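Open the model in a viewer and keep the selection tool at hand. The stops below go from enclosed space to open space and then to packed helices.

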Amino acid sequence: MKKKLLFIIPSLSAGGAERSLINLLAILDFKKYEVDLFMFNHEGLFMELIPEDVHVLPLPESYNRFVMPIRYSVSKFLMDKKAVLAYNRIMFSYKNKVSNNVSIGEQKSWKYMASAIGKMNTKYDAAIAFLEKTSIYFCAEKVDAVKKIGWVHNDYDKLGMDPFFDLNYFEELDHIVTVSEECGHILKRRFPNQDKKIEVIHNIVSPKVIKQLSEKGTHDVFGRRGKETVILSIGRLHTQKGFELAIEACSLLKDMGIQFQWNIIGEGEERQRLTELIKAAGLQQYVRLLGLKSNPYPYVKQADIYAQTSRFEGKSIAIDEAKILNKPILITNFSTAKDQIVDGVEGLIVEMNAEAVALGISELIHNQRISKQMSEHLSQLQLGTEEEINKLYSLLG
């Protein structure tokens with residue numbers, strides 16, 4: 001008899017955790033598992049990639065009404081004589097608005113959102129909250145499951161969350177999974193009484209699939225203008241990704257007389273600010289925000305350098321994919337950087353400032369011997385992580 005699993009994630013919009021879940025589901029053994037998927041938002045770049053065997057659960061009507069614009073939501077609840085939900089909707093918005101960061105806002109507003117979601121009727125063999133915060137809170141409070149597993153995809157200490165709030169929910173989990181050894185060490189230091197639960201399962205990437213998808217772009221996806229070097233970054237337009245460092249570095253590269261274009265695939269709340277920074281620096285011909293791409297791999301394949309100027313990461317799936325496509329890589333020295341590449345062998349790890357980024361990019365451009373050696377080294381590595389699925393199977397029992 002198949003085991004019944006529930007995966008929980010906020011949405012399947014563009015992001016590393018979302019792509020990681022799609023990769024996991026693509027190789028999951030559906031002969032052994034029956035899978036439901038609960039999302040708080042049914043829109044997103046990767047919705048079309050959900051395997052046919054996965055059953056996407058509908059959202060409760062009360063929740064659909066809760067997430068409508070506040071005036072409409074509150075008036076509808078009041079008309080239906082649901083004053084508590086109307087009050088909770090107001091408090092949900094207030095807590096998010098006054099919180100000093102997004103993560104704290106998500107924590108403090110959870111109980112108000114939770115009031116619009118009833119407990120799930122189905123009993124599961126295992127429930128897997130595939131992202132920190134709301135997914136884990138939902139898994140702990142709303143799901144009846146024999147085993148409960150929570151995923152943390154980032155350096156916990158950099159998320160700015162209240163660990164005392166999370167501890168109550170972590171205590172309800174049987175396993176806490178994270179994506180790199182360093183992230184595991186951070187969690188164990190932060191939650192020492194939970195250390196026996198903490199496991200590392202690396203993001204699942206498939207070289208075969210990535211290489212096949214990279215071949216689908218047969219034209220020049222970047223529209224090169226001569227012999228310029230093409231630099232590519234992928235990530236949410238969010239302060240975590242540090243794209244303003246890339247823009248500052250581009251000003252320095254331009255002053256050096258280097259011919260280049262720096263392309264950024266992603267979308268997010270920082271678009272307007274980054275657009276203004278690009279314009280203010282006169283870099284419209286050098287930096288391009290390409291938006292979301294359902295298949296970014298032709299862009300990675302055709303780029304000359306892959307760069308990631310993040311302030312923090314758990315384990316960046318985009319960097320792993322760039323390694324599979326043998327790109328010279330430059331990343332900033334975030335806490336898990338050394339879990340991603342070997343400095344000087346697979347790429348460069350530079351300090352987290354524009355000058356260091358620009359000098360590193362300049363070195364990769366001008367020292368073609370080093371760049372070629374990096375690409376050749378990466379081409380010899382066995383970089384697939386499909387076997388990581390066996391660690392999940394082991395936790396499921």
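A cavity here is a set of grid points where a 1.4 Å probe fits but cannot get out. The model you are looking at is predicted.

**Stop 1: the cavity**

How many cavities of 30 Å³ or more does a search of the whole structure find? It finds one. The volume of the largest cavity is about 30 Å³. To see its walls, select Ser20, Leu24, Phe130, Trp151, Val179, Ile201, His202, Asn203 and Ile204, which line it. Colour this lining by class and you get six nonpolar residues, three polar ones and no charged ones.

**Stop 2: the second largest pocket**

Next, select Ile22, Asn23, Leu49, Val209 and Leu213. Of the 18 residues that line the second largest pocket, these lie nearest its centre. The pocket holds about 350 Å³ of space. Two elements give two or more residues to its lining: helix H1 (16–27) and helix H9 (207–214). Show H1 on its own for a moment, since H1 gives the most to this lining, with five residues. Coloured by class, the lining of the second largest pocket shows twelve nonpolar, four polar and two charged residues.

**Stop 3: helices H6 and H7**

Now hide the pocket and select residues 134–142, which form helix H6, together with residues 163–170, which form helix H7. Their axes are 9 Å apart and the packing angle is about 40 degrees. The two helices are therefore oblique to each other. The crossing of H6 and H7 is left-handed. Show side chains at the contact: from H6, Ile136, Tyr137, Ala140 and Glu141 meet Phe165, Asp166, Tyr169 and Phe170 from H7. Among the residues of this contact, six are nonpolar, none is polar and two are charged.

**Stop 4: helices H10 and H15**

Which helix comes within 8 Å of helix H10, axis to axis? Select residues 243–255 for H10 and residues 354–366 for its partner, helix H15. Their axes cross at roughly 60 degrees, so H10 and H15 are oblique to each other. Here the crossing is right-handed. On the H10 side, pick out Leu245, Glu248, Ala249, Leu252 and Leu253. On the H15 side, they meet Ala354, Glu355, Val357, Ala358, Ile361 and Ser362. The contact of H10 with H15 divides into eight nonpolar residues, one polar and two charged.

Key. Residues numbered from 1 in each chain as written. Predicted model: local features only at pLDDT ≥ 70, side-chain atom pairs only at ≥ 80, totals over all residues. Heavy atoms only, no water. Axes fitted to C-alpha atoms, helices over the stretch in contact; angles between N-to-C directions. Helix = DSSP H or I, 4+ residues; strand = E, 2+ residues; numbered from the N terminus. Parallel < 35°, antiparallel > 145°, perpendicular 65-115°, else oblique. Left-handed = near helix turned anticlockwise from the far one by under 90°. Contact = heavy atoms within 4.5 Å. Nonpolar A, V, L, I, M, F, W, Y, C, P; charged D, E, K, R; others polar. 1 Å grid on protein atoms, 1.4 Å probe; cavity = no way out; pocket = protein on both sides within 12 Å on 5 of 7 lines; lining within 4 Å. Points joined across faces, edges and corners; volume = space filled by probe spheres on them.
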